[in-house]
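Me: I should like to go through this structure step by step, with each term explained when it first appears. Please begin once the sequence and the model are in view.

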Amino acid sequence: GTTDLFGNCTLHHSGTSAAAPEAAGVFALALEANPKLSWRDLQHLIVLTSKRNHLHDNQNRHNWTINGAGLEFNHLFGYGVLDAGDIVKLAKGWKAVPTRFHCIAGEIKR
């Protein structure tokens, strides 16, 4: 257990206070499996291995949609729940994504 906002013991630890350290642990496992991963590689691994599970919007305002890459996405839940096992499995044989392409617009001459 842990303590809640009021200093009481609880077994229901959730929200960003729980998600951030959990995600950091999953990323550490991925980096242990493949220390050459970049931040961009991790982004790709997260998107490709996350699971929708039973996430749903109780108010039905944000439905799951298929994005341009053919992946399910939700504006409340992103790509879903991290899957530590799958992210580590994919990380082991991962080939680095190319460096980020950054476009710079030209000047407007007046």
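Reply: The buried residues of helix H2 are Arg40, Asp41, Leu42, Leu45 and Thr49. Buried means under 20% relative accessible area, exposed over 50%, and partly exposed in between, with a 1.4 Å probe and protein chains only. Helices (H or I, at least four residues) and strands (E, at least two) are DSSP runs, numbered from the N terminus. This is a predicted model, in which local features need pLDDT of at least 70 and side-chain atom pairs count only at pLDDT 80 or more, while totals for chains, interfaces and linings use all residues. Residues are numbered from 1 along each chain as its sequence is written, and side-chain values use heavy atoms, with hydrogens and water left out.

Me: What covers the buried residues of H2?

Reply: Cover is judged here by contact, that is, heavy atoms within 4.5 Å. For the buried residues of H2, the covering elements include H1 and H3.

Me: Which residues of H3 are buried, and where on the helix do they fall?

Reply: In H3, the buried residues are Ile87, Val88 and Ala91. Seen down the axis, they fall within an arc of 95 degrees (the arc of the directions from the helix axis to the C-beta atoms). The buried residues of H3 therefore line one face of the helix.

Me: Which exposed residues does the face of H3 turned away from its buried side carry?

Reply: The buried side of H3 is covered by elements that include H1 and H2. The face turned away from that side carries the exposed residues Lys89 and Lys92.

Me: How many salt bridges does the structure hold?

Reply: Side chains of opposite charge can pair when their charged atoms come close. A salt bridge is a side-chain nitrogen of Lys or Arg within 4 Å of a carboxyl oxygen of Asp or Glu. The number of salt bridges in the structure is 4.

Me: How many residues apart are Asp83 and Lys51, which form a salt bridge?

Reply: The closest N and O atoms of Asp83 and Lys51 are 3.3 Å apart. The pair links distant parts of the chain, with Asp83 in the loop between strand S4 (72-73) and helix H3 (84-92), and Lys51 in the loop between helix H2 (39-49) and strand S3 (65-66). Along the chain, Asp83 and Lys51 are 32 residues apart.

Me: Which residues are joined into one network by salt bridges that share partners?

Reply: Lys51 also forms a salt bridge with Asp86, at 2.6 Å between the closest N and O atoms. Asp86 in turn forms a salt bridge with Lys89, at 3.8 Å; these two are 3 residues apart in helix H3, which means that about one helical turn separates them. Shared partners thus join into one network Lys51, Asp83, Asp86 and Lys89.

Me: Is Lys89 buried or exposed?

Reply: Its partner Asp86 is partly exposed, with a relative accessible area of 24%. Lys89 has a relative accessible area of 60%. Because this value is over 50%, Lys89 is exposed.

Me: Which backbone nitrogen does a side-chain oxygen of Asp83 reach at the start of H3?

Reply: A polar contact is a pair of N or O atoms within 3.5 Å; within protein, one must be able to donate a hydrogen and the other to accept it, and residues adjacent in sequence count only if both atoms are side-chain atoms. At the start of H3, the side-chain oxygen of Asp83 comes to within 3.2 Å of the backbone nitrogen of Gly85.

Me: Asp57 is buried yet has no salt bridge; which side chain of opposite charge is nearest?

Reply: Asp57 lies in the loop between H2 and S3. Its side chain reaches the backbone nitrogen of Gln59 at 3.0 Å and that of His62 at 2.7 Å. For charge, Lys and Arg count as positive and Asp and Glu as negative, while His and the chain ends are not counted. At 4.6 Å from Asp57, the nearest side chain of opposite charge is Arg61.

Me: Which backbone nitrogen does the side chain of Asn74 reach?

Reply: Asn74 is in the loop between S4 and H3, and it counts as buried because its relative accessibility is 0%. Not counting residues up to four places away in sequence, Asn74 touches His62, Asn63 and Trp64. At 2.6 Å, the side chain of Asn74 reaches the backbone nitrogen of Leu76.
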